[in-house]
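Please take a moment with the sequence and the structure below, and keep both in view while you read.

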Amino acid sequence: MTDIKKFKIADGISLNYINDKKYKTVSISLYLHRKLKRDEVTKNALLTSVLRQGTKKYPTSKEINRYTEELYGASYGLSVFKKGNIQTLSFGFNSLTEKYSENGIIEKCFDLLFEFLLNPLVENGGFVKKNVDTEKINLEADIKALINDKRAYADVKCLENMCIGEDSALSDIGYVEDLENIDEKNLYEHYKTIITQSPVDIFIVGDVDIDKIKAYLEEVFSKVNLDITPLDNVTSKKSANEEKYVEEKLDVAQGKLSIGLRTNTIATDDDYYPLVVGNSIFGSGAHSKLFNNVREKLSLAYYAYSRLDKFNGIMLIGSGIEFVNFNKAKDEIFVQLEATKNGEFTSDELFIAKQAIINRLKSYYDSPALLKDYYLCNILLKDGDSIEDAIEKVKKVTKEEIVAVFSKIKSDTVYFLKGKE
């Protein structure tokens with residue numbers, strides 16, 4: 001069993017510690033949360049790239065890397081992602097524990113993390129123009145590169161069409177058309193605003209002197225003039241109206257069929273675990289109905305899966321198909337959905353579905369990244385079960401509960417990416 005200990009560092013700043021001595025490394029993450037907003041998602045995505053280019057103390061990547069080499073090859077990364085209606089700027093480090101390196105190495109890693117966060121490289125009242133211009137080019141390339149992964153592209157387009165006007169439709173890495181109006185001055189002004197107003201969660205997974213780290217963090221944040229606005233409206237639920245059909249033609253050899261459904265159930269609802277187990281039966285894994293019927297038995301898809309968005313009550317079904325099999329594949333997917341709704345699954349199927357979820361949950365103990373992600377979701381939801389409690393709730397799910405929660409699922413959007421010819 002791995003327990004998480006939580007500490008308040010300041011108003012809006014929390015420290016979350018998972019003490020696990022089996023790791024030879026310590027995994028550190030600082031998450032700065034922003035409400036998803038169309039007018040700032042691109043700035044936030046660009047910001048993480050610009051910040052990692054240099055700090056006042058280490059103004060070049062070469063100097064940053066030289067410093068990390070002194071930290072026994074500690075690695076770092078800055079990125080951005082979204083969960084529900086929240087966009088998060090992530091600052092991460094991985095280092096050897098003090099047992100295998102030296103005393104104080106964790107504080108030294110934090111020193112560099114806070115260099116990125118609080119002491120960025122600036123000139124003439126803004127970020128370094130060359131760095132901003134370079135990262136704008138790189139971000140534009142990343143945004144445009146989405147189309148190269150047709151599977152991910154189809155899922156994104158399905159959700160965009162399904163969630164028009166909703167925060168959950170916004171891209172976590174931004175939009176090309178926004179980049180033109182971002183420069184080194186207004187990006188720096190945006191940085192100065194969000195750095196003091198955004199809630200922060202710090203995670204440490206490994207074996208550290210947590211009292212010493214807590215005192216260190218309290219001292220750092222005592223010097224920052226914080227005015228943090230708490231998060232709200234992290235989750236959302238919306239009912240499906242009339243089913244929409246969206247078709248797009250690109251130069252592709254394989255069709256991509258994505259279907260967005262409204263589950264009307266989110267992670268804080270009492271019937272969330274029956275939804276998770278039902279989804280496992282329906283489309284999550286090689287044991288599922290989608291895999292065994294749509295893909296294996298009928299050969300209507302190269303892949304077929306379903307996944308849940310626990311924050312926004314959405315189920316997304318994805319499949320790769322031959323163009324001519326569109327109607328057959330779509331119809332069979334809904335046949336399997338109805339079968340699940342009607343409880344047409346055996347006790348063996350129910351058991352296997354539960355075991356798949358339980359094994360996945362247990363695997364989190366072997367991955368600091370997955371542990372942090374799991375408990376970060378709990379924090380954002382302001383409610384959540386420990387992994388052990390989640391496993392126990394999965395075990396108790398009944399067929400009747402699955403039938404009841406699946407009866408609320410309604411189809412919202414069908415998106416089909418097909419070839420031009």
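What follows is a walk through a few helices, some of their residues, and two loops.

Before starting, keep in mind that this is a predicted model, and that its residues are numbered from 1 along each chain.

A good place to begin is helix α10, which covers residues 289-297. Within this helix, K289, L290, N293 and V294 are buried. When α10 is seen down its axis, these buried residues fall within an arc of 100°, so they line one face of the helix. Among the elements that cover the buried residues are the helices α9 (272-282), α11 (326-341) and α12 (347-363), together with the strands β11 (303-309) and β12 (314-321).

The two ends of this helix have details of their own. At the start of α10, a side-chain oxygen of S288 comes to within 3.3 Å of the backbone nitrogen of F291, while S299, which follows the helix, has a positive phi, near 50°.

One of the covering elements, α11, can be described more fully. The axes of α10 and α11 lie 10 Å apart, and the two helices pack at an angle of about 150°. Because angles over 145 degrees count as roughly antiparallel, α10 and α11 are therefore roughly antiparallel to each other. The crossing in which α10 passes α11 is right-handed. On the α10 side of this contact are K289, L290, N293 and V294, and these meet E332, I333, Q336, A339 and T340 in α11.

Let us now look at a single residue of this helix, V294, which has its place in α10. Is V294 buried or exposed? With a relative accessibility of 0%, V294 counts as buried. Leaving aside residues up to four places away in sequence, V294 touches K289, S299, L300, A301, A304, E332, I333 and Q336. As a reference for distance, R151 is 143 residues away from V294 along the chain, and the C-alpha atoms of the two are separated by 17 Å.

A second pair of helices can be read in a similar way. Helix α1 (residues 41-51) packs with helix α4 (residues 129-145) at an angle of about 120°, and their axes are 9 Å apart. That angle makes α1 oblique to α4, and α1 passes α4 in a right-handed crossing. Here T42, A45, L46, S49 and V50 in α1 meet N131, V132, E135, K136 and L139 in α4. Of the 11 residues of α1, 10 are buried, so this helix is largely enclosed by the rest of the structure. The buried residues of α1 include V41, N44, L47, T48 and L51.

Further along the chain is I387, which belongs to helix α14 (residues 387-395). I387 has a relative accessibility of 0% and so counts as buried. Residues up to four places away in sequence aside, I387 touches L361, Y364, Y365, L371, Y374 and Y375. I64 is 323 residues from I387 in sequence, and the two are 37 Å apart in space, C-alpha to C-alpha.

Finally, two loops deserve attention. N124, in the loop between β6 (122-123) and β7 (126-127), has a phi near 55°, a positive value in a residue other than glycine. N124 is exposed, with a relative accessible area of 66%. N233 is found in the loop between α8 (210-222) and β9 (244-250), and its phi is positive, near 50°. At 53% relative accessibility, N233 counts as exposed.

Key:
Predicted model: local features only at pLDDT ≥ 70, side-chain atom pairs only at ≥ 80, totals over all residues. Heavy atoms only, no water. Buried < 20%, exposed > 50% of the residue type's maximum accessible area, 1.4 Å probe, protein only. Helix = DSSP H or I, 4+ residues; strand = E, 2+ residues; numbered from the N terminus. Arc of directions from axis to C-beta. Contact = heavy atoms within 4.5 Å. Polar contact = N/O pair within 3.5 Å; in protein donor to acceptor, adjacent residues only side chain to side chain. Axes fitted to C-alpha atoms, helices over the stretch in contact; angles between N-to-C directions. Parallel < 35°, antiparallel > 145°, perpendicular 65-115°, else oblique. Left-handed = near helix turned anticlockwise from the far one by under 90°.
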